[in-house]
Amino acid sequence: MGENLKRVMVIGGGIAGIQASLDLAERGIVVELIEKNACIGGRMAQLDKTFPTNDCSICILAPKLAECFRHPNITLHTLSEIKNLSGQPGNFNVKIFKKARYVKEDECINCGVCIEKCPMRVDDEFDMKLRKRRAIYIDYVQGVPSIMTIDRENCLFFTKDACRICEKVCEREAIDFDQKDEEFELNVGSIIVATGYDIFEPTSLGSLGYGRYLNVVTALEFERLICASGPLGGHLKRPSDKNEPKKLAFINCVGSRDIKNNPYCSSCCCMYTTKEAMIAYEHDNEIETSIFYIDLRAAGKGFREYIQRGENDYAITYIKGKVAKILEDDQKNPLIFYEDINTSQVKQLKYDLVVLATPMVPKKDAGELAKILGIKIDDYNFFKANSYHPQKSSKEGIFLCGACREPMDIPTSVIDASGAAAKAAEIVMRG
Amino acid sequence: MSDDDIRIGVFVCHCGTNIGGVLDISELTEYSKTLPNVVYSADNLYTCSEVGLSEIRENIKEHDLNRVIVASCSPRTHEPLFRSTCQEAGLNPYLFEMVNIRDQDSWVHMKEPEKGTEKAKDLIRMGVYKAALLESLEKMQVGVIPSAIVIGGGIAGMNAALNLANQNFKVSLIEKDSELGGLLRHLNKVYPTNEDASIILETRNLVENHKKIDLYKSAVIEKIEGYVGNFKVIILQNKKTLEIEAGAIIVATGAKALSPEGYYNYNGKTIISQLELEGILKENKINTNNITMIQCVGCRNEERKYCSNICCMTALKNAILIKEQNPDANVNIIFRDIQTQGVTYEEYYRRAREMGILFIKYLPEKPPIIKKDRIEVYNEFMNQVIGIPYDLVVLSMPLIANEDSEQLAKMLKVPLEENNFFLEAHVKLRPVDFATDGIFVCGSAHWPADISESISQSNAAASRASTIISKEMLEVEGSTAEVNTDLCVGCEACIKICPYSAISKDEETDTVVVNKVVCKGCGVCGASCPHNAITIHHFTSDQIIAEIVTYGGGE
């Protein structure tokens with residue numbers, strides 16, 4: 001066995017990957033942080049607030065983003081993905097594919113002039129397609145690295161060989177259409193996988209009307225709708241008529257704990273629907289909320305008390321029962337049909353806005369990454385973790401943290417991340 | 001230094017269009033030049049770009065600046081950068097002052113640019129008046145003892161010790177019992193694999209035989225002294241007093257099961273606790289056909305509001321084991337909400353249902369009643385009371401905090417939450433840290449945790465501890481609190497309020513002392529001192545008053 005490299009690769013720059021990187025870097029271990037997107041931050045950056053403290057999500061995340069960027073032991077590789085792995089624990093060789101940004105990382109200073117002048121309008125993925133962005137853009141205002149990216153699929157120069165306005169208006173000459181995708185190799189002693197999750201797409205559940213009824217949205221869409229930096233500037237309105245909703249319904253377990261879709265429990269929906277209802281109430285005290293649930297899962301520290309607070313102080317009513325279907329009246333108000341547990345009768349309730357708590361699902365490309373890394377996945381495509389040492393993957397030297405191994409909330413991801421850092425340190429610092 | 005010696009440079013940042021698009025930057029630059037002690041003022045498109053930073057460095061030299069102000073964004077993100085830029089040019093970093101004219105001005109006054117510009121003038125003037133009074137401060141360096149102390153030898157503590165030892169750190173593991181293993185010793189099988197607990201317990205051998213781990217069994221902690229990087233724990237073992245030193249401490253003292261005495265006619269024979277059932281199953285002595293388990297006994301009530309996290313899975317495990325042994329047994333679980341988050345645990349729950357284990361939900365206002373030959377429970381779904389015959393009733397008792405956690409918390413000067421579990425620094429982003437640097441928590445001492453959770457947390461705590469003990473030296477904040485002992489009357493108001501336990505009483509002089517290594521300069525002690533005896537360097541009363549006075553138009 002060759003040299004034991006005191007260098008760790010972290011794949012994924014969400015809260016888990018960030019925490020793992022910061023711990024290792026502070027431990028004196030060099031970190032190569034690989035992020036597929038143009039900015040780190042992941043899902044947590046999209047959230048408005050976080051339970052059970054109701055802290056503003058980006059406000060507590062942003063200092064960590066900055067720290068990650070500034071830390072001398074961390075090298076950030078954005079727009080990058082893993083292509084190949086060889087070697088063994090202590091000395092892995094990883095091939096990275098880095099997409100061209102078409103913006104010089106050292107020159108762009110995020111002044112925003114190019115964004116103003118770009119003529120293209122494209123669905124903004126960060127805002128769950130609830131508004132448009134330009135073809136040159138930054139994922140979100142606090143994004144790190146705080147520089148622009150050109151989206152090759154939509155930029156007029158790449159699609160029609162035209163425009164180049166951003167190049168003309170950039171005072172720092174940071175635009176570089178000649179940049180090429182590149183491949184490079186890194187040698188590391190250990191690898192931490194922290195690639196996070198996707199959100200279940202509820203259009204397939206026809207009976208709930210998502211995609212058909214404007215006033216039925218997903219929970220992550222709701223986060224953006226109510227967020228001060230979101231498309232509505234933090235003034236909650238319902239999509240159909242921009243009226244302020246007064247009666248909200250949240251439906252838990254939409255597409256989870258459901259044999260036909262995802263049999264597993266997504267772990268944090270009971271808590272985040274309560275949180276979203278609380279925030280809505282804080283915006284407007286006239287809002288009343290119903291939360292439909294199967295079991296209320298709130299086993300974490302202070303979680304049960306949080307649910308109690310929702311019930312007592314935030315006009316939330318918890319209704320045990322499975323929702324059968326949603327229809328819409330002529331005012332576009334969603335009508336929820338559910339089975340009342342006491343009478344076993346199907347009842348109907350009218351709401352202004354319905355929010356579907358859709359579960360975390362594995363990343364689309366999780367299977368592919370598992371193949372490249374040579375690690376096992378479970379029946380659903382989550383990376384398979386050891387039952388009692390959950391940071392351990394099926395392969396020595398490769399560790400897992402966060403929702404890529406199982407749905408989990410932020411504190412559990414942070415614990416998992418620090419835990420994975422400790423395991424990786426064990427490999428690279430062993431005597 | 002007389003007033004004449006103060007030479008302030010003001011750099012006003014456009015921040016692209018963030019500030020420049022709203023405020024009149026050239027007006028602000030010109031205005032700055034009219035302020036006392038300002039000898040140079042300029043604007044930059046981006047002060048934080050390399051161009052902007054080199055301008056700061058060059059002008060410090062060219063104009064002999066001894067104070068630098070950047071009027072731009074938030075110190076939270078950019079103060080470290082500007083401070084180090086000043087330092088590179090030979091200026092003490094504490095002679096830098098940041099004025100936030102973006103987050104607190106251009107962003108919030110986007111629609112009233114003239115008023116925004118006037119406000120920016122006020123903010124810059126306040127910064128200039130404060131800057132004149134800034135003093136050079138030094139960051140202290142302290143040595144670090146490159147080892148850790150783990151308190152508690154259950155699965156969490158053992159695993160934390162092992163991880164650090166495997167990273168080549170010396171670890172002292174302190175256990176109050178005569179053997180390692182904690183609660184795990186009393187378990188039969190472990191979920192979700194249903195393998196013998198003894199397999200997990202083999203960790204003990206690894207710990208006992210690790211040459212980097214010093215084991216102190218049957219040891220009682222007498223006293224804890226010191227601070228991050230330099231802790232000293234005094235223990236009593238075999239009537240001998242020992243002193244152990246370490247750079248970091250991990251608390252892994254676990255929890256214990258609530259006693260079932262007094263709940264649901266508990267008798268220890270036909271009505272037993274889940275932990276007692278583990279013992280029976282371990283001995284393979286189960287011979288009854290009608291078994292009913294009751295969840296949330298003694299918790300999720302007025303006295304104990306919390307959910308104990310591990311009882312649903314424990315009940316499922318034992319129910320499955322009974323069913324596997326005797327498929328004809330009638331096993332019921334009377335529950336409130338089944339807590340099986342995630343993939344594996346939910347699968348486990350599904351498996352239990354498929355095996356024919358019956359789940360009956362009860363309402364807290366209508367709890368089950370144990371009669372002589374049956375349990376009566378109101379079933380919401382059927383809207384009637386149903387009777388369940390039983391041979392054995394098993395009560396799921398919550399984990400509660402150990403009695404001695406209060407004493408340990410006092411010695412460590414860390415807080416407990418209302419149920420006496422240890423309270424972390426931040427539930428979201430610092431789940432295993434205490435607010436006090438260098439002390440960490442994991443396992444059920446923090447909150448009821450199962451084996452996999454305890455191991456995750458213990459790895460996390462080990463990682464956090466390693467970020468401290470891997471360093472030779474720690475650099476500590478220069479802007480800390482200082483006590484004027486002539487004014488201090490020893491009232492201890494500051495000691496009680498300090499979130500970092502940085503202040504202690506000097507009994508000899510009857511005044512208080514600030515430990516500069518632990519102090520973060522947050523300032524709450526200064527604000528709470530009734531005698532103005534505490535100065536917070538970099539935020540002195542003089543500096544703050546100068547800002548307020550000039551804001552109000554005074555000199």
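**Close-up 1. Helix α11(B) and the glycine that follows.** In this predicted model, Gly356(B) sits just after α11(B) and takes a positive phi of about 95 degrees. The helix itself, α11 (344-354) of chain B, is among the elements that give two or more residues to the side of chain B that touches chain A. Take a moment to find its buried residues, which are Tyr345(B), Glu346(B), Tyr348(B), Tyr349(B), Arg350(B) and Ala352(B). These buried residues pack against α10 (311-325), β19 (358-361) and α13 of chain B. Ala352(B) also belongs to a nonpolar core of 56 residues, with Leu258(B), Ile286(B) and Ile334(B) among the other members.

**Close-up 2. A salt bridge from α11(B) to chain A.** Glu346(B), one of the buried residues of α11(B), reaches across to chain A: its side chain meets that of Arg297(A) in a salt bridge, with 2.7 Å from N to O. Across the interface of chain B and chain A, six salt bridges are found. The count of residue pairs in polar contact between chain B and chain A is 37.

**Close-up 3. The wider interface between chain B and chain A.** Here the contact takes 73 residues from chain B and 69 residues from chain A. About 5600 Å² is buried between the two chains, and carbon and sulfur atoms give 54% of that area. In chain B, look for Val343(B), Lys428(B) and Leu429(B), which lose the most area to chain A and together make up 14% of what that side buries. Besides α11(B), the elements giving two or more residues to this side of chain B include α3 (75-88), α6 (155-166) and α13 (451-469). The largest share, 11 residues, comes from α13(B).

**Close-up 4. The largest nonpolar core, around Leu24(A).** This core has 63 residues, and those with the most contacts inside it are Leu24(A), Ile136(A), Ile150(A) and Ile192(A). The elements of chain A that give it two or more residues are β1 (7-11), α1 (15-26), β2 (30-34), α2 (57-70), β5 (74-77) and α10 (410-429). Of these, α10(A) supplies the largest share, 10 residues. The core draws at least three residues from each of domain 1 (7-99 + 181-196 + 363-429) and domain 2 (113-169) of chain A. Leaving aside neighbours within four places in sequence, Leu24(A) is in contact with Val8(A), Val10(A), Ile29(A), Val31(A), Ile192(A), Ala421(A) and Ala425(A).

**Close-up 5. Arg238(A), a buried arginine in a loop.** Arg238(A) is found in the loop between α6 (219-226) and β16 (247-251) of chain A. Its relative accessible area is 5%, under the 20% cut-off, so Arg238(A) counts as buried. Not counting residues up to four places away in sequence, Arg238(A) touches Asn215(A), Asn243(A), Pro245(A), Gln331(A), Lys332(A), Asn333(A), Pro334(A), Tyr351(A), Asp352(A) and Leu353(A).

**Close-up 6. His14(B) and its partner Asp43(B).** His14(B) is found in the loop between β1 (8-13) and α1 (25-33) of chain B. Its side chain makes a polar contact with the side chain of Asp43(B) at 2.7 Å. Beyond Asp43(B), and not counting residues up to four places away in sequence, His14(B) touches Ile19(B), Gly20(B), Ile25(B), Asn44(B) and Leu45(B). To place this view in the chain, note that domain 1 of chain B covers 3-137. The centres of domain 1 and domain 2 of chain B, taken over C-alpha atoms, are separated by 47 Å.

Note on methods:
Residues are numbered from 1 along each chain as its sequence is written. Chains are lettered from A and ligands numbered from 1 in the order in which they are written. This is a predicted model: local features need pLDDT of at least 70, side-chain atom pairs count only at pLDDT 80 or more; totals for chains, interfaces and linings use all residues. Side-chain values use heavy atoms; hydrogens and water are left out. Domain bounds come from an automatic or database domain assignment. A nonpolar core is a set of buried Ala, Val, Leu, Ile, Met, Phe, Trp, Tyr and Cys residues joined through side-chain atoms within 4.5 Å. Buried means under 20% relative accessible area, exposed over 50%, partly exposed in between (1.4 Å probe, protein chains only). Helices (H or I, at least four residues) and strands (E, at least two) are DSSP runs, numbered from the N terminus. Contact means heavy atoms within 4.5 Å. Buried area is the accessible area (1.4 Å probe) that two parts lose on being put together, summed over both. A salt bridge is a side-chain nitrogen of Lys or Arg within 4 Å of a carboxyl oxygen of Asp or Glu. A polar contact is a pair of N or O atoms within 3.5 Å; within protein, one must be able to donate a hydrogen and the other to accept it, and residues adjacent in sequence count only if both atoms are side-chain atoms.
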